[in-house]
Amino acid sequence: MNAVVLDGSRNEQGQGIVTVLTAALAQAGYATEVIALREKTIAPCKGCFGCWMHTPGECVIDDEGRQVARAVARCDLLVYFTPVTFGGVSSGLKKAVDRLIPNISPFFARVRGETHHQKRYAHCPSLIGLGTLPQPDRQAETLFKTLVEHNALNFRSPRTAAAVVALDRPDDIEAIARGLVEAVTQ
Amino acid sequence: MTEKRALLLVGSPRGIEKSTSGRLGGHLLDTLKARGFGTEQVHVHAAVRSPDALESALAAAAAADLVILSLPLYVDSFPAPVIAFLENVAERRTGAGRAGLFLLIQCGFPESEQNATALAIAERFAAEVGWRWLGGLALGGVETYGGSAHEVLEQIGKALAEGKPAPDLAAKKAMPAWLYRAGGNIMWRRMAKQNGVAGKLRARPYED
Ligand SMILES: Cc1cc2nc3c(=O)[nH]c(=O)nc-3n(C[C@H](O)[C@H](O)[C@H](O)COP(=O)(O)O)c2cc1C
């Protein structure tokens, strides 16, 4: 099994956390590719729906956003790693996430009573959201988890889990990482 | 009395003229203009593309009494360049203690509730940067509203012009979700046919 970590952090400070997570994934049998999005040239989505209506399955913009979408389409587990930003994800992560819609079908479907999209690929990756905050913040954490859960519906992820690491509590990181991996593998 | 200033931030990559966000936001801005506001519009995607444009957009936000953020829902939150702009506002504490924020958000799915997380994120942003939260209007499957969205925007414009938070309103829908899905799927097929990709809609270019 393989996992793709989309690292949306601004600098390398979160590397320690990514390493802990990668170790937890390895223990569960995943080979992990970490993509440091800050080093990638990924233009913002143009909102043209060309990825559905002109070149189905591929974004019309030829840059590293395509490679990210390809890696995500082929993995078993997608991980968002991001500073929690106003309760949501950072712009550094979102530039890649907006470019993932080629991987789903334009056709609408009813999923859990709401409108979402049909799958493009039979196999969709599960989704983990791992956010960071300077210190514990209940409201931001709840919002972040809700967002990841909704993204999992939109990307038709079979399993999903989200958690937030408070950077002033580094001792918790290992247990949080292990908990996330268990939640999507069991 | 100095003139009150309203700034419309359009957060769709399709720009101010061509996007639904720009059109609906423009309508709200017009109602404020008619009530004596000085108005300005900024396309967020253009603002984050260059340092100069960013500075002038931040200056416009700092001078505004009322900021209307009008955008499409992208994967349950804001388009990436909008988040980037808001990160800049937060870093500089632009307009802290001065501006009020109203969110106008619309999405492709017919259920307006799908915007709920994004609304909560906007309210949280306002709290973090010290802008007054004036509420939001969430629309789903926007093509189906006809004139009712405009009527609601006029009521909202009236409240905002009086310095009040926006009333919590919903626009009336012209069609149930199942019909919207069925119609949408027909529209996609028709569009694909026009583009000469009818047989390729379910292509899987990234399959192993
Ligand atoms: C990258 C991308 C992501 C989107 N995500 C969602 C979504 O999560 N939920 C939804 O209902 N619509 C979603 N949409 C649809 C847009 O919100 C909708 O088409 C909107 O009306 C576009 O408005 P605009 O003309 O102002 O850009 C998405 C569109 C794009 C291009």
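**Entry 1: helix 8 of chain B.** I looked up which element contributes the largest share of the lining of the largest pocket in this predicted model. I found that helix 8 of chain B does so, with seven residues. This helix spans 177-194.

**Entry 2: the other contributors.** I then noted the elements that each give at least two residues to that lining. In chain A they are helix 2 (50-53) and strand 4 (104-111). In chain B, helix 2 (20-34) and strand 4 (100-107) join helix 8.

**Entry 3: position and size.** Where does the largest pocket lie with respect to domain 1 and domain 2 of chain B? I recorded that it lies between them, because domain 1 (5-174) and domain 2 (176-208) both give residues to its lining. The space in this pocket comes to about 1,100 Å³.

**Entry 4: residues of the largest pocket.** I counted 49 lining residues. Those nearest the centre are Phe49(A), Trp52(A), Cys107(B), Gly108(B) and Trp188(B). By class, the lining holds 27 nonpolar, 16 polar and six charged residues.

**Entry 5: the second largest pocket.** I turned next to the second largest pocket, whose volume is about 790 Å³. Its lining has 31 residues, with Arg10(A), Pro83(A), Val84(A), Thr85(A) and Thr132(A) nearest the centre. How do the residues of this lining divide into nonpolar, polar and charged? I noted eleven nonpolar, twelve polar and eight charged.

**Entry 6: elements of the second lining.** Chain A supplies at least two residues from each of strand 3 (77-83), helix 4 (91-97) and strand 6 (126-133). From chain B, helix 5 (80-92) and helix 6 (116-129) each supply at least two as well.

Terms used: Residues are numbered from 1 along each chain as its sequence is written. Chains are lettered from A and ligands numbered from 1 in the order in which they are written. This is a predicted model: local features need pLDDT of at least 70, side-chain atom pairs count only at pLDDT 80 or more; totals for chains, interfaces and linings use all residues. Side-chain values use heavy atoms; hydrogens and water are left out. On a 1 Å grid over the protein atoms alone, a cavity is a set of points where a 1.4 Å probe fits but cannot get out, and a pocket is an open set with protein on both sides within 12 Å along at least five of seven lines; lining residues have an atom within 4 Å of a point. Grid points are joined across faces, edges and corners, and a volume is the space filled by probe spheres set on the points. Helices (H or I, at least four residues) and strands (E, at least two) are DSSP runs, numbered from the N terminus. Ala, Val, Leu, Ile, Met, Phe, Trp, Tyr, Cys and Pro count as nonpolar, Asp, Glu, Lys and Arg as charged, and the others, Gly among them, as polar. Domain bounds come from an automatic or database domain assignment.
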